[in-house]
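I opened this entry to note what I looked up, beginning with confidence and then turning to the core and one loop residue.

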Amino acid sequence: MGLKKQFIVASLSTLMLSACKTETEKVIETKKPIEAKQTAKQLGEELKAKGYKTFDYVDEKTKDTVLMQQYFIAFLKRGDNRTQSKEEATRLQNGHLAHLGKMYQLGYADISGPFGDNGDIRGITIYNVPTQKMADSLANSDPSVKAGRLKVEIHPWWAAKGFPLR
């Protein structure tokens, strides 16, 4: 097959594949930003400029520079006011879940979840914010915390920036 025919076949194949994509796939594809990979130093400088505490170290095994960032873990504990009716408790739980979803969408929380043992510590949220004061304010704006059904205990916590959960 000649070069001109190969080009035409390739172009038609691409056109047909593009036409088969759903509108959602096309929108998602166009919204993906092209990001250049930052070095640990660049990312650390950017975070520090925004008020985050960081430090880096060199991994002895890989010789990679690892950027550590301070996060804040909010322990959600059983509150002193748990006398709500079933309907009110359900409303508060729905508000609690909506609050956590909003924190995640806005980029303030990286992960949240309940504990499975029905103990006094009901769950955690890891806040990705520059200060403990901000994490405390966000955690205490939860409807279940405001109602006294839950109470918050926050601790600074260090983790490697960008490392996934396993």
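The pLDDT is the predictor's confidence in each residue, on a scale from 0 to 100. I needed that term at the start, since this is a predicted model. Looking up the scores, I found that the chain averages a pLDDT of 83, and that 78% of the residues score at least 70. I then noted that the pLDDT is below 50 over residues 3–34, a stretch with 5 contacts in the model beyond near neighbours in sequence.

Next I looked for the largest nonpolar core, and I listed its 10 residues as Phe72, Ala74, Met103, Ala109, Tyr127, Val129, Ala135, Leu138, Ala139 and Ile154. Two elements, β2 (65–78) and α5 (132–140), each supply at least two residues of this core, and I recorded that α5 gives the most, with 3 residues.

I picked Leu138 from that list and asked myself which residues Leu138 touches, not counting those up to four places away in sequence. I wrote down His99, Met103, Tyr108, Tyr127 and Val129 as the residues that Leu138 touches.

My last look-up was Phe115, which I found in the loop between β3 (109–114) and β4 (121–127). Is Phe115 buried, exposed or partly exposed? I entered Phe115 as partly exposed because its relative accessibility is 38%, a value that falls between the cut-offs of under 20% for buried and over 50% for exposed. Leaving aside neighbours within four places in sequence, I saw Phe115 in contact with Ile121, Arg122, Gly123 and Ile124. I also noted that Phe115 and Leu76 are 39 residues apart in sequence, while their C-alpha atoms are 9.7 Å apart in space.

Conventions: Residues are numbered from 1 along each chain as its sequence is written. This is a predicted model: local features need pLDDT of at least 70, side-chain atom pairs count only at pLDDT 80 or more; totals for chains, interfaces and linings use all residues. Side-chain values use heavy atoms; hydrogens and water are left out. A nonpolar core is a set of buried Ala, Val, Leu, Ile, Met, Phe, Trp, Tyr and Cys residues joined through side-chain atoms within 4.5 Å. Buried means under 20% relative accessible area, exposed over 50%, partly exposed in between (1.4 Å probe, protein chains only). Helices (H or I, at least four residues) and strands (E, at least two) are DSSP runs, numbered from the N terminus. Contact means heavy atoms within 4.5 Å.
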